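Subject: Handing over a structure, with notes on what was found

Dear colleague,

I am passing on the structure below, and after it I set out what was found, going from one region to the next.

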Amino acid sequence: FTKNNFNIKRGNFSHVEEEHLYFFRKLLGESRIITDLSDLEKYNVDWNKHLRGASTIVLKPKTTEEVSKILSYCNNNRLAVCPQGGNTGVVGGATPVFDEIIVSTELMNKVINLDEKSGVLTCEAGCILQNMDEFLQQKNLIFPLDLGAKGSCHIGGNVSTNAGGLRLLKYGNLHGNVLGLEVVQANGTVLDLLSTLKKDNTGYHLKHLFIGSEGTLGLVTKVAIQCRLRPKSTHVAFLGLQNFNQVLKTFYKAKQDMDEILTAFEVIDTPSMELANEKLGLGSPIGDYPFYVLIETTGSNEKHDEEKLDGFLQTCLNKNFILNGTVTGEVSKYKAIWEVREKLPQGYIKDGFVFMYDMSFPLENYYKLVEDLREHMGSLSHRVFGFGHLGDGNIHIQISVKEFNQDVANHIEPYIFELTKKYNGSISAEHGMGFLKAKYLNLMKSQESINLMKNIKQMLDPNGILNPYKVLF
Ligand code: FAD
């Protein structure tokens, strides 16, 4: 669907004209500007292929200085800008709504420094997550973030969305791991917050303003991040369970028995697994069960970790928390198990039109909304399913329908968000508000908080050129 579905008015921004093109060409040269309609397509359309922008130009700066000149020029000429990393975001944050200029970080992809002793990596914003992790692997280090889109998402995009991912349970979120940032403000001012110190309480922690602000407050150009030692031992268990209550019992037991090595605790429900079967040809390695759990442990002592995991699994079997399972420490085998979980988003985009939600809840309410939605949707949808990072209270809920239909959309929203609030949850656990959820911000934040957010936006971007119509709208 397009902006026509959203009843939104274009802001009072200039349109890109020949004089602007002249400036950008002079700054970047012809080869780092895209204006050809077919080449623009992949930047104008979001990952889910739900949204289409109408940008007429993509700019590909290579340096902070170029970003600074672009933003300063855009600010002076009231040209709106949409920062874009790998374009894997799923809430429309990186897709222009009208004809915003897309500033892509894809050519800002250099490692600046790796301090092997401290594990601090400093890199440009356009570095691809998987490339960084492979680079770190050679030094026996690991990036403290991992997610299904790692092959194309950028570190700058990860920081700007405060991405959570598969191993947040162990490594915590980016507010904790990012040590420093370099950011270009809307008026082109370069803000050097690129500290690599772990402790630095000298005044306000400005970097946090930009972590998770989805390109609305500044354009992140460099990131310093604390990486960890690569674990020596990794084990993955894939389990089948009777009901959600048993899933919770298994999680609490896992925390109790092996908190220090627990890296991931993911849950998958039956319709999600059916989807993996039908659309991806992937499936459960242990047969069919109402719920599946994927547990990963990582540590420094193979024998110790194995004993702990085996002991935990034995107790879960004895107590009937789990019905069946398989466990492996072999790289190829655990990668195959992870593949089922990581590829789920690639399956559901083949399942007709999918309404996607990314919620977090107190664990006792974690699965309630999926059950409510099945009843609420009745025959209007062909699949309502949930899977996600249970260890972080984070569930991805999907509703598949044959094709997009506004009446069905109205049947889902705001119902789904109101219920999320009733269950003390968040309507965006890790994906952000972007464009698609921005109008529901008032469900989550008090008026006082929204006013403060608006004041901060006004102060940092008085002309509102940075990612308009997103987050605060
Ligand atoms: P983009 O999509 O390009 O941009 C996202 C937002 O950040 C936009 O608002 C954009 O304007 C802004 N932005 C991008 N770069 C910059 C910059 N340099 N400066 C300022 N603003 C910028 N997310 C999770 O949190 N956890 C997951 O487990 C997860 N799994 C995923 C699996 C799949 C298969 C897919 C497709 C997505 C998944 N996501 C997940 C969502 C997405 O990958 C993340 O939000 C990711 O961090 C986005 O990075 P990106 O470079 O693609 O950013």
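I begin with a single pair of residues: Val58 stands opposite Ile102 in strand 4, and please keep in mind throughout that this is a predicted model. The pair belongs to strand 2 (residues 58-59) and strand 4 (residues 101-104), which run parallel to each other and are joined by 2 bridges. Both belong to an open sheet of 4 strands, whose order is 1-2-4-3 and whose pairing is mixed. At its edges stand strand 1 (33-34) and strand 3, and because each has a single partner strand, one side of each is left without a neighbour in the sheet.

The ligand

Around the ligand there are 38 residues, and the closest are Gly85, Gly89, Gly93, Gly156 and Gly157. Two or more residues of this shell come from each of strand 3 (81-84), helix 5 (155-161) and strand 10 (219-226), and helix 5 gives the most, with 5 residues. Sorted by class, the shell holds 21 polar, 14 nonpolar and 3 charged residues. As for where the ligand sits with respect to the domains, domain 1 (3-106) and domain 2 (111-229) both give residues to the shell, so the ligand lies between them. An unreviewed UniProt entry carries the annotation "domain: FAD-binding PCMH-type" for residues 51-230; over that stretch the chain is 23% helix and 24% strand, with the end C-alpha atoms 38 Å apart.

Strand 10 and its partners

Strand 10, one of the elements that give residues to the shell, has 7 of its 8 residues buried, so it is largely enclosed by the rest of the structure. Strand 6 (residues 120-124) runs antiparallel to strand 10 and is joined to it by 5 bridges, with Val120 having Gln226 of strand 10 as its bridge partner. Strand 8 (residues 178-184) also pairs with strand 10 in the antiparallel sense, over 6 bridges, and here Leu181 stands opposite Val223.

A loop before helix 5 deserves a separate remark, since Gly151 is found there, between strand 7 (141-142) and helix 5. Gly151 counts as exposed because it has 11 C-beta neighbours inside 10 Å, and its C-alpha atom is separated by 9.1 Å from that of Gly86, although the two residues are 65 apart along the chain.

Domains 3 and 4

The domain assignment gives, besides domain 1 and domain 2, domain 3 (233-344) and domain 4 (351-431). The C-alpha centres of domain 3 and domain 4 lie 23 Å apart, and their contact takes 15 residues from domain 3 and 12 residues from domain 4. On the domain 3 side, the elements that give two or more residues are helix 9 (244-258), strand 13 (262-269) and helix 10 (270-280), and the largest share, 6 residues, comes from strand 13. That side of domain 3 divides into 11 nonpolar, 1 polar and 3 charged residues.

Strand 13 is also joined to strand 17 by 2 bridges, the two running antiparallel, and Val267 stands opposite Gly388 in strand 17. Strand 17 (residues 383-389) is itself mostly covered, with 6 of its 7 residues buried, and it pairs with strand 18 (residues 394-401) in the antiparallel sense over 7 bridges. Gly388 has Ile395 as its bridge partner in strand 18. The hairpin of strand 17 and strand 18 has 4 residues between the strands, and in it Gly393 takes a positive phi near 70°.

Backbone geometry to look at

Most residues other than glycine have a negative phi, and most peptide bonds are trans. Against that background, the peptide bond from Glu413 to Pro414 is cis, with omega near 10°, and Pro414 lies in the loop between helix 15 (406-412) and helix 16 (415-422). Asn467, which is not a glycine, has a positive phi of about 45°; it lies in the segment after helix 18 (447-460) and is buried, with 29 other C-beta atoms within 10 Å. Val471 likewise lies in the segment after helix 18 and has a positive phi near 60°, and because it has 23 C-beta neighbours inside 10 Å it counts as buried.

With kind regards

Key
Residues are numbered from 1 along each chain as its sequence is written. This is a predicted model: local features need pLDDT of at least 70, side-chain atom pairs count only at pLDDT 80 or more; totals for chains, interfaces and linings use all residues. A residue is near a molecule or strand if its C-beta atom, placed from the backbone, lies within 6 Å of it. Ala, Val, Leu, Ile, Met, Phe, Trp, Tyr, Cys and Pro count as nonpolar, Asp, Glu, Lys and Arg as charged, and the others, Gly among them, as polar. Domain bounds come from an automatic or database domain assignment. UniProt positions are given in the numbering used here, feature names are shortened, and annotations may be inferred rather than shown by experiment. Two strands pair if DSSP finds at least two bridges between them. Two residues are in contact if their C-beta atoms, placed from the backbone, lie within 7 Å. A residue is buried if 20 or more other C-beta atoms lie within 10 Å of its own, exposed if 12 or fewer, and partly exposed in between; C-beta atoms are placed from the backbone.
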